[in-house]
Amino acid sequence: MATYVSNVTLFDGRTSKKNAGVLFSDGAIEWVGAHARAPKAARSAEEVPGRGKTLTPGLIDCHVHLCFDGSADFAAEALELATDALATVRAVRNAARTLGFGVTTVRDLGARGDSVIAVARGVERGLIPGPRILAAGRALTITGGHGHNIGIAVQVDGPDAVRKAVREEMRAGATAIKLIATGGVLTPGITAEFTAFTQEELDAAVDEARKWGRVVGAHAIGPAGIIQAVRAGVDSIEHGSLMDAAGARLMKEHGTFHVPTISALRGIVDHADEVPAYAVDKARAVTDTAREAFRRSVRTGVKIACGTDAGTPFNPHGNTPVEIVRMVEWGMTPLQAMRAATSSAAELLRLPDVGVIRAGAAADLVLYDADPLEEVDAVRKPSAVWKAGELVAGMSS
Ligand SMILES: [Zn+2]
């Protein structure tokens, strides 16, 4: 059965037009154009009246941790998680929850064992509901590095060991690679700007991931670690909170994406009385600089993709629309922020069939009662969500 969204305001992932029509069937978009010129097939399709509404591609979140729920104490939650099986159960629940917010693709950047790899496969096979998932499996960190204490990272040192660790994640079925290039906010005893892996280690990891055709995301907060990761050729800098002018120029030159994860910082600083003090202090210390770094990226023309770091304190799954609103608060136009969560994110993840509405692309679509490009808050309330042409949230479902 085909579906036709009639006479709708369309944001196709790049630009916006009024009075459009979109026809989809068998999971893919069949036709996009002016409603007045709809093809015959649209007349026999089930019609979704689009007048006064806005249709966008399904949102993409380039940074989540599906096996975490976002409770106040990240390290305590990790301890309580205890087994890969329990992590898998949580990830199943969080994947399903994500869809209701209009998010149809996520990249998981660090999980217990192969828990999220299994969930990704379960979704792909239609066993459980959830967004399309690129899964990094376990993150790679140095011995004692950021994330070593939460069960989602393997500790490796030296270029050969790092290369082997990439191969091990590939063997486990990972479809992305995550490197922890600097210290971080949520690990006690290590400063956020600490430079972790050496240049040789980063080079080895990226070289190996490239051979497998995998996208590499590097957690990097300090300016020196950012520059090393960009030189190694990673596809994205996650957080980038202390990025300086030299870092921004280098990212622009290399085409490296910035995934700012504003929600990760806001979740902590907005709940300072509940989150452990070591995390609050570090998050507070970098928030102003992170805003500057974000603005610098926008100004310099660094490519930006939307990512929440969902699963970290008070940063629940499905927070992607909130991240879009926050990117606008920090200085993007609504159009820029919506691109960051659709076509730009798809470019980073090298997924040509999502993040855009064009004939042949996947029918991952979100309908809103108001236009997020006019009033960005509208993105918080999707009225219908389709993934591969199937209604997965909203309307009468
Ligand atoms: Zn993260």
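These legends walk through five close-up views of a predicted model.

**View 1. The zinc ion and its protein donors.**
Welcome to the metal site, where three residues of the protein reach the zinc ion: His63 and His65, each through NE2, and Asp309 through OD. These donors lie 2.1 to 2.2 Å from the zinc ion. Along the sequence, the donor residues follow the spacing H-x1-H-x243-D. His63 sits in strand E6 (residues 59-64), while Asp309 belongs to the loop between helix H10 (277-300) and helix H11 (320-329), so this pair, 246 residues apart, links distant parts of the chain. Are His63 and Asp309 buried or exposed? His63 counts as buried because its relative accessibility is 1%, and Asp309 counts as buried because its value is 7%; the cut-off for buried is under 20%.

**View 2. Strand E11 and its partner E12.**
Here we look at strand E11, which covers residues 177-180. Its side chains take two sides: Ile177 and Leu179 point one way, and Lys178 and Ile180 point the other way. All four of these residues are buried, Lys178 included. Which strand pairs with E11 in the parallel sense? The partner is strand E12 (residues 216-220), and the pairing runs over 4 bridges. Within this pairing, Lys178 of E11 stands opposite Gly217 in E12. Take in helix H6 (residues 199-211) as well, and you have a right-handed β-α-β unit made of E11, H6 and E12.

**View 3. The largest cavity.**
How many cavities of 30 Å³ or more does the structure hold? There is 1, and the space in this largest cavity is about 280 Å³. It is lined by 26 residues, and those closest to its centre are His146, Leu186, His219, His239 and Asp309. You have already met Asp309 as a donor of the zinc ion. Two elements give two or more residues to the lining, namely E11 and helix H9 (262-269). H9 gives the most, with 3 residues. By type, the lining of the largest cavity has 13 nonpolar, 11 polar and 2 charged residues.

**View 4. The largest pocket.**
This view turns to the largest pocket, which holds about 550 Å³ of space. Among the 26 residues of its lining, Val123, Glu124, Pro131, Arg132 and Lys387 are the closest to the centre of the pocket. Helix H4 (115-124), strand E8 (132-135) and strand E17 (390-394) are the elements that give two or more residues to the lining of the largest pocket. Which of the elements gives the most to this lining? That is H4, with 5 residues. The lining of the largest pocket divides into 15 nonpolar residues, 5 polar ones and 6 charged ones.

**View 5. Two residues with a positive phi.**
A little background helps with this last view: most residues other than glycine have a negative phi. His239 is not a glycine, yet its phi is positive, at about 80°. His239 is placed in strand E13 (residues 236-239), and it is also one of the residues closest to the centre of the largest cavity. Thr261 is not a glycine either, and its phi is positive at about 45°. You will find Thr261 in the loop between strand E14 (257-259) and H9. Why do His239 and Thr261 count as buried? His239 does so because its relative accessibility is 9%, and Thr261 because its relative accessibility is 2%.

Methods
Residues numbered from 1 in each chain as written. Predicted model: local features only at pLDDT ≥ 70, side-chain atom pairs only at ≥ 80, totals over all residues. Heavy atoms only, no water. Buried < 20%, exposed > 50% of the residue type's maximum accessible area, 1.4 Å probe, protein only. Pairing = 2+ DSSP bridges. Right-handed = clockwise from strand over helix to strand, strands pointing away. Donors = N, O, S within 2.8 Å, 3.2 Å for Na, K, Ca; no water. 1 Å grid on protein atoms, 1.4 Å probe; cavity = no way out; pocket = protein on both sides within 12 Å on 5 of 7 lines; lining within 4 Å. Points joined across faces, edges and corners; volume = space filled by probe spheres on them. Nonpolar A, V, L, I, M, F, W, Y, C, P; charged D, E, K, R; others polar.
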